[in-house]
Amino acid sequence: MALLRASLLKMTCHRNVWLSSFSPLTVYPNSNSNSKSLPLQPPMFSLSASEAPFSSSSSHEPQFRWKPMCLYHTQGKCNKMDDRIHIERFNHDCSRELQVASAERHKICSQNFDFFLVLDLEGKVEILEFPVLLISAKTMQVEDIFHRFVRPSKMSEQRINEYIEGKYGKFGVDRVWHDTAIPFNEVIQQFEAWLMQHQLWMGGSLDGAAFVTCGNWDLKTKVPQQCQVSKLKLPPYFMEWINLKDVYLNFYKRRTTGMVTMMKELQIPLRGSHHLGIDDTKNIARVLQHMLLDGALIQITARRNPKTPADVNFLFKNRIR
């Protein structure tokens, strides 16, 4: 009997260790949400047990206790800030996980911009997620975050439900999407107010800032498509951008297929869930920070023709096609 109890205890301990290796991304709903409760689910690409509470990426990043973001908080809708369990489980300050030691900042070369707007859209049919990180080009600190889930305007409710379950259900964040998603027109209005709040835009082109993307698809293709669907004129601040893959190719002299490849080559472990927009945006920001500390000059790689915005001029001779 004693042997049996010891065996059961050993199995229980192993089970607890296995469960602790996952980083659940399900967040607490708003108190007035009518959505059904979902069980906590591990994300795709969860951290290993050895990396989970304390993940050190490259030599450029300090150690910290990684926690999944509260996706209500990123959109200004978290009402659990007084809940101790919630605060312990979820991150409410993404700047902490993107900190760079001040002693490292002398390595940054002078940039052409004061700020970088790191963006990574999600959604193939229509945009479903619009996350942007505002990062100082001098200190590499995260100054602010803009994050909205986007509700499609040309789909039936049944199609939307199927689309969101397939896209976000595997991360366990489909409920927060349904609770918070707003039409693209409203997202753009709020984003423009956010840009003006930070004095980055006053109606024309961006002032002292540039978008940073991983590829050209987000701003070359998807935003114009969504503007057409939503019957919006293409905003003037989407006229140019930095494709980090092109800068990476020209700086390191290595061709990369995307974010994951860059992170592997720079020995930066992936954090969060790949293809959850806010997590991908933070991971792209970490690649950007690493490149800045390596001395890279982050320059505009693509610019629209002002007279015919559909025409895009690619400014780097060596680029990812």
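This report walks through a predicted model, from the whole chain to its nonpolar cores and then to one buried glutamate.

Let's start with the overall picture. The protein chain is built with ten helices and eight strands. Of its 321 residues, 51% are buried. Looking at contacts between residues at least 6 apart in sequence, 68% join residues at least 24 apart. The chain exposes about 15,600 Å², and carbon and sulfur atoms account for 52% of that area.

Now to the interior. The largest nonpolar core holds 58 residues, and Phe116, Leu133, Tyr168 and Ile242 have the most contacts inside it. Helix α10 (residues 277–293) gives this core its largest share, eight residues. Apart from it lies another core, of 29 residues, including Leu117, Val150, Ile182 and Trp201. Setting aside neighbours within four places in sequence, Tyr168 touches Glu122, Leu128, Glu129, Phe149, Val173, Asp174, Trp177 and Leu276.

Glu126 deserves a visit of its own. This residue sits in the loop between β1 (115–119) and β2 (129–136). Glu126 is buried but has no salt bridge, and the nearest side chain of opposite charge belongs to Lys154. The distances from the Glu126 side chain are set out here.

| Partner of the Glu126 side chain | Distance |
|---|---|
| Ser153, backbone nitrogen | 3.0 Å |
| Lys154, backbone nitrogen | 3.0 Å |
| Lys154, side chain | 7.5 Å |

So what surrounds Glu126, not counting residues up to four places away in sequence? Its contacts there are Pro152, Ser153, Lys154, Met155, Tyr163, Lys222, Gln226 and Val229.

How values were computed
Residues numbered from 1 in each chain as written. Predicted model: local features only at pLDDT ≥ 70, side-chain atom pairs only at ≥ 80, totals over all residues. Heavy atoms only, no water. Helix = DSSP H or I, 4+ residues; strand = E, 2+ residues; numbered from the N terminus. Buried < 20%, exposed > 50% of the residue type's maximum accessible area, 1.4 Å probe, protein only. Lys, Arg positive; Asp, Glu negative; His and termini not counted. Salt bridge = Lys/Arg side-chain N within 4 Å of Asp/Glu carboxyl O. Polar contact = N/O pair within 3.5 Å; in protein donor to acceptor, adjacent residues only side chain to side chain. Contact = heavy atoms within 4.5 Å. Core = buried A, V, L, I, M, F, W, Y, C linked by side-chain atoms within 4.5 Å. Areas by Shrake-Rupley, 256 points an atom, 1.4 Å probe, with all protein chains shown as cover.
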